[in-house]
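This briefing is intended for a reader who has the sequence and the structure at hand. Please keep both in view while working through the points below.

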Amino acid sequence: MSGGRQCTLPRAWWAAGGKALDKKEKGEEEAADADDDLLLAAAAVADPDPSPVAGFSAAAGAIWIYPTNYPVRGYQVRMARAALLGNTLVCLPTGLGKTFVAAVVMYNFYRWFPSGKVLFLAPTKPLVAQQMEACARVMGIPLRHMAEMTGGTQALSRRDLWTAKRVFFLTPQIMVNDLSRGTCPAVEIKCLVIDEAHKALGNHAYCQVVRELSKYTNQFRILALSATPGSDTKAVQQVISNLLIAQIELCAEDSPEIQPYSHERQVEKIVVPLGEELVGIQNAYIQVLETFAGRLIRTGVLARRDIPSLTKYQIILARDQYRKNPSSQSAGIHQGVIEGDFALCISLYHGYELLLQMGVRSLFIYLCGIVDGSKGLTRTKNELGRNEDFMKLYQHLRDMFSDTSSVNENIYKSKTVFENKKEFIYSHPKLKKLEEIVIEHFKSWKKGCSDQVTTGSPSVDAVGTRVMIFSSFRDSVQEIAEMLSRLSPVVRVMTFVGHSTGKSTKGFTQKEQLEVVKRFREGGYNTLVSTCVGEEGLDIGEVDLIICFDAQKSPVRLVQRMGRTGRRRQGRIVVILAEGREERTYNQSQSNKRSIDKAISANKMLRFYQHSPRMIPEGINPKMHKMFISAEKYEPSNSRIFSKERRSSSLQHKSALFSCVTGQKQMHCHENWSLSSEEFEIWDRLYRIKESDGIKEPVLPRVQFETLENLEEIPKHKEEATRELSLSEWRIWQSRPFPTCVVDHSDRCYHFISVMEMIELMRHEQKLFQNSVSLYSKNPTSSLL
C-alpha cells in the first residue's frame with residue numbers, strides 16, 4: 001500500500017483472494033485475471049474508514065440487552081434497535097420515555113466496548129443531574145463507573161475523571177473545553193447522547209462538540225433526543241446536518257404506537273377581547289409609534305406599511321438590511337441618527353408586544369426601566385422625554401399604579417409595584433380569565449375528590465391536583481403569582497424563573513430550581529408560574545392543568561409546554577390569547593407544526609448524513625435479549641448532598657411565597673467530613689451545641705455598626721437563647737492544617753494555626769495552675785511548683 005498505510009480488507013475480499021489462488025493452479029491466464037480482480041478489490045478499499053472493530057467485545061456483541069424491569073413498549077424497542085445501528089434522532093412527545101431509550105443504548109455500548117467512553121450531554125446542570133439519576137435507575141451500569149461533570153467540577157478533577165470513569169453526564173460547554181484542552185480522550189468515545197437536540201443550531205455548544213470530536217475520530221454513535229426537532233423544516237435540517245443524523249425515529253402525538261401509554265390531552269383555545277380601557281391605551285401608544293417609526297419611513301430605510309402591524313423582528317431585519325446596503329435617500333443623514341432611531345423603535349415595539357400580550361403593568365415596568373435609565377438607553381430616554389404623547393401616556397400609567405403612598409422608580413425597578421396596591425388591578429383581560437380558570441379547576445377537583453371518597457374509589461390523589469402556568473416575561477410571572485396568592489390556601493403558588501440577567505431582578509440558581517421542582521412534585525406548591533425555564537427537560541411531575549398565558553411562534557415551545565400534562569391521567573391545556581395579533585401568531589405556530597410533521601413523515605425534503613459509522617464488525621448481528629436488570633440504589637454524590645442542604649436554607653429567603661412550605665434540614669453523618677471517630681466523639685461530647693440547650697444554631701457576635709439586618713432590636717427571650725461563636729468551640733478543626741488538593745494553605749492560615757496552638761497551650765497551663773491552686777488550698781503544706 002502506498003505511503004506505508006496499512007489496509008485491512010473485509011473477509012469477503014480475503015475469501016475472493018483465496019479462490020484466486022485455487023484458480024492459479026488451473027492456469028496462468030485464469031490466475032492473472034483473478035489477481036487483477038483482487039488488486040481492484042484492494043484498490044477499492046485502499047482508503048477505508050478506521051476499523052469499527054477496535055475495542056469491540058465479540059463475546060458481549062453477540063446480543064444487545066433490553067430491560068424488562070420496566071414495561072416493554074414496542075416503539076421504545078424499535079427506537080433503541082435503530083439507534084444502535086445508525087446515528088438517530090429520536091422524536092417523542094414529552095413524558096413517553098426518550099431517556100429510557102437513551103439508557104438502553106448507552107448500556108449496550110458500555111457492554112460492547114469495555115474500554116470505551118459513553119457520554120450524555122444535557123444543556124443545564126439540573127438536567128444533567130436529573131438524567132444521570134434516571135439512567136442509573138433504568139440500567140445496571142455500576143455507579144462507580146459513572147461521573148457527573150458540570151461547571152462546578154474543576155478542570156484538574158475532570159482530567160482525573162476522564163481517566164478513571166467510563167460513563168459521563170455533562171454539559172456541552174464542559175465537553176468543548178476539555179476537547180480543546182486535550183484532556184478528553186476523544187478517540188475512546190463510542191456513544192454520544194444529546195438531549196434537547198433541537199438546540200443544535202448555529203454555533204451552539206452541541207454543534208461545537210460534534211465538530212471537535214469529528215477531528216479526532218468518526219467512530220462514535222450519536223443519539224439525539226427531542227420532543228420537537230425544530231420550529232420549521234429549515235431548523236430541522238440544520239439539526240440533522242449539525243449532529244450527523246442518518247435517520248429519524250418519530251412518534252407524533254396522534255401515533256397509534258403511543259396511544260396506550262399516553263392520556264388524552266384536551267386543548268382549548270380561549271380568545272379574550274382587549275377591552276375598552278386597554279384599547280384606549282393601545283391607541284395612545286400607537287400615536288407614539290407613528291411619530292418615531294414615521295421617521296424611518298420618511299428616511300427610506302423602513303418600508304411603508306401599517307405601523308400597528310409592524311413587529312420588532314421586522315424592524316431588526318430592516319436595520320440589518322440598512323447596514324448592508326444604506327439607502328440613497330439617507331445619504332445626507334448621519335448614520336448614527338438612523339441607528340439611534342432603529343434602536344428606539346425596537347424598544348418601543350417590544351413595549352407594544354408587552355402591552356398586547358401581558359398587559360398595562362408589564363408595559364409600565366418596562367417603560368420605567370427606560371425612563372429612570374436603568375436599562376442604559378440614554379438616547380431613547382431623552383427622545384421619549386421630549387415627546388408630549390409619550391409623557392402624557394407615561395403619566396397616565398403612573399397614576400394608574402400609584403397609591404396614596406408615594407411610589408418611586410426604585411419600587412418599580414424591584415418589580416413589586418403591585419405589592420403596594422391593596423386592590424389588585426387586572427392590567428389585562430387575560431388575567432381575569434386566567435383567575436377564573438384556576439378557581440374553576442380547583443373547585444371541580446375538590447368536587448371530584450369528594451365524589452370519589454363518597455363512592456369509596458381508591459384513586460383519590462393524596463397530594464392533590466397541580467397547575468402550571470407559562471408566561472414568557474418575568475414581570476408577568478410575578479404579576480400572575482401575586483394575583484393567585486390571594487386565593488391561598490387553596491392555591492399555593494410559587495414562581496419558577498431562570499438565572500437573572502439584570503441588576504434589578506434576582507432569579508433562581510439551578511440548584512434552587514431543582515428544589516422548587518422537588519417541592520412542586522411532592523405537593524408543597526400546587527401551582528407553578530413559570531417562564532420558559534420550565535418548558536424543557538426538568539421532570540416537573542404530573543400536572544393536570546397547563547395554562548399558556550401567551551402564544552409563541554415556535555411550535556417547539558408550545559409542544560414542550562403541552563408535554564407537561566397527560567402523563568399519568570387525563571390532562572387539560574388552555575391557551576389564553578389576546579384578540580388580534582397574538583391569535584394570529586398562535587394559528588401560524590400550529591400551521592408550522594403540521595408542516596414539520598408532514599416533512600419528517602414524508603422524508604422527501606430532508607437530507608440525511610450518509611456516512612453513519614458501523615460500530616459492529618462485519619459478520620456480527622447482535623440479537624435482542626430481554627432480561628430483568630437490578631440497578632444499584634442511586635444516591636447523589638456527597639457534594640450534591642451538602643449543596644442541597646445549603647440550597648434548602650437559601651430558598652427560605654428567596655420569596656415570601658416560600659413560607660407555605662418549611663423544609664427541615666437533614667443532619668449528615670460525620671463520616672462525610674474529616675474527623676476521625678475519636679475526634680468526633682470528643683467534639684460531640686464537649687463542644688457540640690445540643691438541642692436541649694434550646695438553641696437551633698450558633699450566631700456570630702453582634703457587630704458594633706448597624707445594618708439593615710440588625711436595626712430591629714432582638715427580643716429578650718431570643719437574646720437569652722443566643723449563643724455566640726467562640727474560637728474554642730471549633731478548635732478541633734483549627735489546630736492543624738487539613739489535607740488540600742491543588743491549592744495549598746496560605747501563610748495566614750499557618751499563622752492562625754500557630755496562634756491556636758499557643759492558645760491551647762496557654763489554656764492547658766492555666767488548667768494545670770488552677771488544679772495546683774486547688775490542691776494547695778486543700779493542703780497548704782504542698783508546694784505550688
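Strand β10 (residues 467–470) runs parallel to β13, and four bridges join the two strands. The model discussed here is a predicted one. The points below begin with the surroundings of β13, continue with a sheet that includes β7, and end with helices.

**Strand β13 and its partners**

- In the pairing of β10 with β13, Phe470 is placed opposite Cys548 of β13.
- Strand β13 also pairs with strand β14 (residues 571–578), again in the parallel sense and over four bridges.
- Within β14, Val574 is the bridge partner of Ile547.
- In a regular strand, side chains alternate between the two faces of the sheet.
- Strand β13 covers residues 545–548, with Leu545 and Ile547 pointing one way and Ile546 and Cys548 pointing the other way.
- All of these residues of β13 are buried.

**The seven-stranded sheet**

- Seven strands make up an open sheet with parallel pairing, and their order is β4-β5-β3-β6-β7-β2-β8.
- The edges are formed by β4 (146–149) and β8 (247–250), each of which pairs on one side only.
- From one strand to the next, the twist averages 15°.
- Helix α9 (residues 205–216) packs on this sheet, where it touches β3 (117–121), β6 (189–194) and β7.
- The direction of α9 makes about 165° with that of β6.

**Strand β7 within the sheet**

- Strand β7 (residues 221–226) pairs with strand β2 (residues 88–91) in the parallel sense, over four bridges.
- Two of the positions facing each other in this pairing involve Thr88, which stands opposite Leu223 of β7, and Cys91, which stands opposite Ser226 of β7.
- Strands β6 and β7 likewise pair in the parallel sense over four bridges, and Arg221 in β7 is the bridge partner of Cys191.
- Which residues of β7 lie on each of its faces? Arg221, Leu223 and Leu225 are on one side, while Ile222, Ala224 and Ser226 are on the other.
- Both faces of β7 are covered, and the residues named on the two sides are all buried.
- Because six of the six residues of β7 are buried, this strand is largely enclosed by the rest of the structure.

**Ser347 in helix α13**

- Helix α13 (residues 335–357) contains Ser347.
- Is Ser347 buried or exposed? Ser347 counts as buried because its relative accessibility is 10%, and buried means under 20%.
- Leaving aside residues up to four places away in sequence, Ser347 touches Tyr366, Ile370 and Leu377.

**The packing of helices α14 and α16**

- Two packed helices are described by the angle between their axes and the distance between the axes.
- Helix α14 (residues 360–371) and helix α16 (residues 388–400) pack at an angle of about 120°, and their axes are 10 Å apart.
- This angle makes α14 oblique to α16.
- The crossing of α14 and α16 is left-handed.
- On the side of α14, the residues that meet α16 are Val360, Leu363, Phe364, Leu367, Cys368 and Val371.
- On the side of α16, the residues that meet α14 are Phe390, Tyr394, Leu397, Arg398 and Met400.
- The residues of this contact of α14 with α16 divide into 10 nonpolar and one charged, with no polar residue.

Terms used:
Residues numbered from 1 in each chain as written. Predicted model: local features only at pLDDT ≥ 70, side-chain atom pairs only at ≥ 80, totals over all residues. Heavy atoms only, no water. Pairing = 2+ DSSP bridges. Axes fitted to C-alpha atoms, helices over the stretch in contact; angles between N-to-C directions. Contact = heavy atoms within 4.5 Å. Buried < 20%, exposed > 50% of the residue type's maximum accessible area, 1.4 Å probe, protein only. Parallel < 35°, antiparallel > 145°, perpendicular 65-115°, else oblique. Left-handed = near helix turned anticlockwise from the far one by under 90°. Nonpolar A, V, L, I, M, F, W, Y, C, P; charged D, E, K, R; others polar.
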